[in-house]
There are 4 protein chains.
Amino acid sequence: MYFASDNSGPAHPEVLAALARANTGYAMPYGADIIMDEVRETLRSIFEAPEAAVYLVATGTAANALALATMCAPYETVFCSPTAHIHEDECNAPEFYTAGAKLSIVGTLDQMTPETLRSSIEAQQTRGVHGPQRGPVSITQVTERGAVHSLAQIKALSDVAKSYGLGVHLDGARFANAQAALDCSAAEMTWKAGVDVVSFGGTKNGCMGVEAVIFFDPTKAWEFELRRKRGAHLFSKHRFLSAQMQAYLADDLWLKSAKQANINCQRLASGLRTVEGAQITNRPDANIIFAELPRAAHQRLAAAGARYYVLAGDIDAGDPNEPLPCRLVCDWSISEELIDTFLDVAKG
Amino acid sequence: MYFASDNSGPAHPEVLAALARANTGYAMPYGADIIMDEVRETLRSIFEAPEAAVYLVATGTAANALALATMCAPYETVFCSPTAHIHEDECNAPEFYTAGAKLSIVGTLDQMTPETLRSSIEAQQTRGVHGPQRGPVSITQVTERGAVHSLAQIKALSDVAKSYGLGVHLDGARFANAQAALDCSAAEMTWKAGVDVVSFGGTKNGCMGVEAVIFFDPTKAWEFELRRKRGAHLFSKHRFLSAQMQAYLADDLWLKSAKQANINCQRLASGLRTVEGAQITNRPDANIIFAELPRAAHQRLAAAGARYYVLAGDIDAGDPNEPLPCRLVCDWSISEELIDTFLDVAKG
Amino acid sequence: MYFASDNSGPAHPEVLAALARANTGYAMPYGADIIMDEVRETLRSIFEAPEAAVYLVATGTAANALALATMCAPYETVFCSPTAHIHEDECNAPEFYTAGAKLSIVGTLDQMTPETLRSSIEAQQTRGVHGPQRGPVSITQVTERGAVHSLAQIKALSDVAKSYGLGVHLDGARFANAQAALDCSAAEMTWKAGVDVVSFGGTKNGCMGVEAVIFFDPTKAWEFELRRKRGAHLFSKHRFLSAQMQAYLADDLWLKSAKQANINCQRLASGLRTVEGAQITNRPDANIIFAELPRAAHQRLAAAGARYYVLAGDIDAGDPNEPLPCRLVCDWSISEELIDTFLDVAKG
Amino acid sequence: MYFASDNSGPAHPEVLAALARANTGYAMPYGADIIMDEVRETLRSIFEAPEAAVYLVATGTAANALALATMCAPYETVFCSPTAHIHEDECNAPEFYTAGAKLSIVGTLDQMTPETLRSSIEAQQTRGVHGPQRGPVSITQVTERGAVHSLAQIKALSDVAKSYGLGVHLDGARFANAQAALDCSAAEMTWKAGVDVVSFGGTKNGCMGVEAVIFFDPTKAWEFELRRKRGAHLFSKHRFLSAQMQAYLADDLWLKSAKQANINCQRLASGLRTVEGAQITNRPDANIIFAELPRAAHQRLAAAGARYYVLAGDIDAGDPNEPLPCRLVCDWSISEELIDTFLDVAKG
């Protein structure tokens, strides 16, 4: 019963099978492998973007930091929400890769709004050479609090960015979960809504460790390649990144897995709503639930071997009815039985 | 009638005279000049810190950025208020010099409180290797909104920092104005209140361009010297920095000037309180006033050649009674007559 | 017939099998997986270094750049040979990760000598704060030109470094090939010879993409972890790095593979010495040969599908007897038959 | 008798007078002062470059590092001679400001030649994404060994750079000395010879601390301004930089001073040629002499209070006739009498 994160689940058997298939004889290194040629074309097709520049790296932080470094000068500032992964969970990687750009925190909520974004951008207006200059806007889709931006929301944020001539980055570590939730196309969720560069996650949704970075405008493709190499993120045996992504994209595995993860999450959410004293505190649009459970429920779950993050409080000592906050993440691999067992234990 | 900033006034005649005196024959370069030996001892004496490491640079941003780079690892975060000069007015210099450390904004007010500081520090607790690590606390004294921290306030913030093992930096671009306002000793306002490193300003208070950086613990003195050189802030003809600081410190010129600037500010503030429709919106503890004046007053002042920052609104078009915010800064050199003329024009 | 590089060959079946074994259910992310616990202990045992800090990353450049960043301040300089991978083949990654440290090139040969190293270190002596400060020495073992440093050579270089208080890094992208060539222990080739930090390669010798970084003194272990995360090199599904290394170390697979690669190289070298007009131009101590072959031989090999780097000249046009330089790299997976076929084609 | 460096002499009385003149009332800060307007136009006129972007900073290292950072991406490499100030004497400032670009050392001599430059550039050709990319060429005029490049030499180096599409930077810390030596125009020594960006020194030739950076193509002017601010090199009381440069340029003070320094150097060189056992070892084209003097001469000079760098050997102990190398630098302020006294003492 592991609900701690979608970064700790297994890889798809198809991904492992693709690795084995790719492991025959020699292959051109450093991204010149023929599987990468296929992956590039597949992603261009999925995104309806025949000119897009497409690259693979092994971690989501690398995808984000390298994308932002290509978009943002060191004297500029990235605009993002206070819960953005790039702000809270990357140990200053964006600042490192941009050579010291600032992250400007927009509003106080999990999601930027056009109003808070405009206000933050305006606040960088009056200081001339003295303040950081306006740089790209980074939208997290799915957010770290589990919310999925609607197409209209993305469009509205992009419109604000564009009205100032700023680029738009989408941190799509859970891109597939968002697309599955919105039931839209990849193009609709990105360039048709004004997004310029996408971090397209694979790791959290069934790969071992691979993310794509997609530039709809390929002007800076070579710069990105140099930054990737200089960041030590260019794989010599690149075919093993390509093969993962190949399997992930084949037969819509990525979307099917994400749908399953979202369905698992809905099942868990529905069940939690029937647990006495439990309350869901976020909008579980995709595969992440924030909830409060009574201490006693946490105690029973811990005893039963359930793993997830309790975000505050001591589960061992205190009023058994006191609600303690937690995060529950579902990936594709969790079975209905496991979810139901979890719920049964929670109910006591 | 120039109230735009204390960075635009003249230098003291004594400062120029000291430059002329220093300009005889040859002098050891790069900080080995004998005037610097004197300056070092004088500052150690003023700060009652016989072991302190003392360095000169030419800009306040250099003092801050180099001090913080010596205190803060690139994977750490500096804690500061949202109006801190290091955050708003240094075009990412702290991020640059620290190789990409983050600035964490504490609270929403001009001044951090022990509570907001503790809360910000705590928020960097639970992410292990993933989040930025806790780094130094930077206090701005005088704040950019004109407030002076009391000794107790500095002590309380330092105590919070110390309780987490964090260093404390004081951005004292207007150090003298603050000390004059508090009528305390330099030691009381710094190491006796828990401050580890000080940016001690000269430029805004009558020098041409010189700031001292003072480390009460000299352990990192050599590292600072290397960072200063690498930052291109080591002057070959260093005697001309030393001479400015020498004149600034001699006969308490620094304190006398600051007192005069503060008195000028009080005179201006008192007068403004009698201007119809005018309102002072900050706590003008030192030499900076934030106020709202009716548009008509701004118009009269502009016509009379007064220079200062109007912070919002169009002074030319609109209701003559509508209050528009502005900032008014006094330095030591402004005459009573000029202040009174300004007030007369404002009153109309 | 692929002799272009050992970074383009397949992974060992054992490595793939280990990935499959690791892919069961959930595992703690970010290096907290139990396979990593085993890998850490195995490497400590192999290196006879029970206190060593051991980390995994996915690329050799990451291993080197992160190791050096932990050893070298930004105002210091790394000493290395002119052919070092960190200097020629990492697109400024060491400069990036160290925040701008310099690489000082020692001598003009593939290998530093105690004399050239001492001379380079001495040359950084007389400039005080103005020049880069002395930093770590980085030894490449096997060198990019195929030479293996003897234990005495490593010791002699380390002794020079130690006499100045400098750290010693070993870039062991081909660590196993070197150890196999020297028939020594891992401890003898490293800390017993004065090495402080090792980049221990797996990728070029049968893994998909994994390298270990080993600090014999664990003092900076936490700093390394933070730098790894900030560099975006911390894998969430870390077990898939661990599993590769686990398989690589098990049953001496790493040494067996390296021995095979070296034997393959000896077979190729012996054969080349019998090719008319061919000349081996390096010391092929491990698995890399630099040679000159007549243009006609290159033409025959190209026609037969052989892949390797011709380093200068146009193989298509010119005197058929003109020798053109090339590099030939053997990995463990090349068969005797393939080598013999290559030689037959070369002979014409 | 101070011949240690031209960075330790006094400032011109005219420079001090200009500071005093500038010190009246208020002035626009941060480079918006009217003196700067005049300086900009004067430099544009001197350089026959009406579109040039012109900026002031206080140190030569700042001028070089900021200029190069504007010209060179972090994944590129600057080409310079092994004795270049940017390589040997700036404690990695260029690496810092460029965010980790590499300096590639061209040849082994004080001056690059078209052949060695071309060879170095070519060496950065074959590695694709793996090696540093080709960046700007930096020429030091006067070199650190005292040589002045002829116009033809500058042109020949620029031609090589241009043939690869690379920019050309001129480190002119001693620009005036070089121009005086060549008896040419500023335009001839720069853009007419292919130079794109100039560090135009003032400090070593009679200013207190000011250098201009001149971009003949103003495309990157705003980027430079942002980098200057972010580097903490933007002066608030900028008029005091402007005034120095104003006085320096007025009535050809800069050229007159440089001519005097060069004449002083010629007088010293001529005299040294008559000192028994003395030998001049460089080409003293401008104001710097490298020479060998017998130990006894050094002893006599030291006893007489002469100050200069002895570059090797112990002057106190050893054969009195053994030649020991030294550097002797003349600035404008040294009197004929002092030079003659120095020579008399040297002769013994």
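Select Phe235(D) first; in this predicted model, Phe235(D) is located in the loop that runs between helix H10 (221-230) and helix H11 (239-249) of chain D. The residue is buried, with a relative accessible area of 8%, which is under the 20% that defines the term.

Next, display the surroundings of Phe235(D). Beyond its neighbours within four places in sequence, Phe235(D) is in contact with Tyr30(D), Gly31(D), Ala58(D) and Leu241(D), and also with Ala58(B), Thr59(B) and Phe235(B). Tyr30(D) deserves a separate selection: 205 residues separate Tyr30(D) from Phe235(D) in sequence, yet their C-alpha atoms are 5.6 Å apart in space.

Remain in chain D and select Phe215(D) and Phe224(D). A search of the whole structure gives 57 aromatic pairs over all chains. Phe215(D) and Phe224(D) form an edge-to-face pair, with 5.2 Å from centre to centre and 65° between the planes. Both Phe215(D) and Phe224(D) are buried.

Two arginines of chain D may be shown next. Arg145(D) lies over the face of Phe290(D), 3.8 Å from the ring centre. The charged end of Arg230(D) is placed over the ring of Phe96(B), at 3.8 Å from its centre.

Now move to chain A and select Phe47(A), Phe175(A), Phe200(A), Phe216(A), Tyr248(A) and Trp254(A), which form one aromatic cluster.

Finally, colour chains A and C. A turn of 180° with a shift of 0.0 Å along the axis lays chain C on chain A with an RMSD of 0.0 Å; this is the relation of a two-fold axis. In chain C, Gly231(C) has the C-alpha nearest the axis, 3.7 Å from it. The same surface serves both copies, as 100% of the contact residues of chain C recur in chain A.

Methods: Residues are numbered from 1 along each chain as its sequence is written. Chains are lettered from A and ligands numbered from 1 in the order in which they are written. This is a predicted model: local features need pLDDT of at least 70, side-chain atom pairs count only at pLDDT 80 or more; totals for chains, interfaces and linings use all residues. Side-chain values use heavy atoms; hydrogens and water are left out. Helices (H or I, at least four residues) and strands (E, at least two) are DSSP runs, numbered from the N terminus. Buried means under 20% relative accessible area, exposed over 50%, partly exposed in between (1.4 Å probe, protein chains only). Contact means heavy atoms within 4.5 Å. Copies are superposed by least squares on the C-alpha atoms of residues with pLDDT of at least 70 in both. Rings of Phe, Tyr and Trp (its six-membered ring) pair if their centres lie within 6.5 Å; planes under 30 degrees apart count as stacked, over 60 as edge-to-face and the rest as tilted. A charge sits over a ring if NZ of Lys or CZ of Arg is within 6 Å of the ring centre and within 35 degrees of the ring normal.
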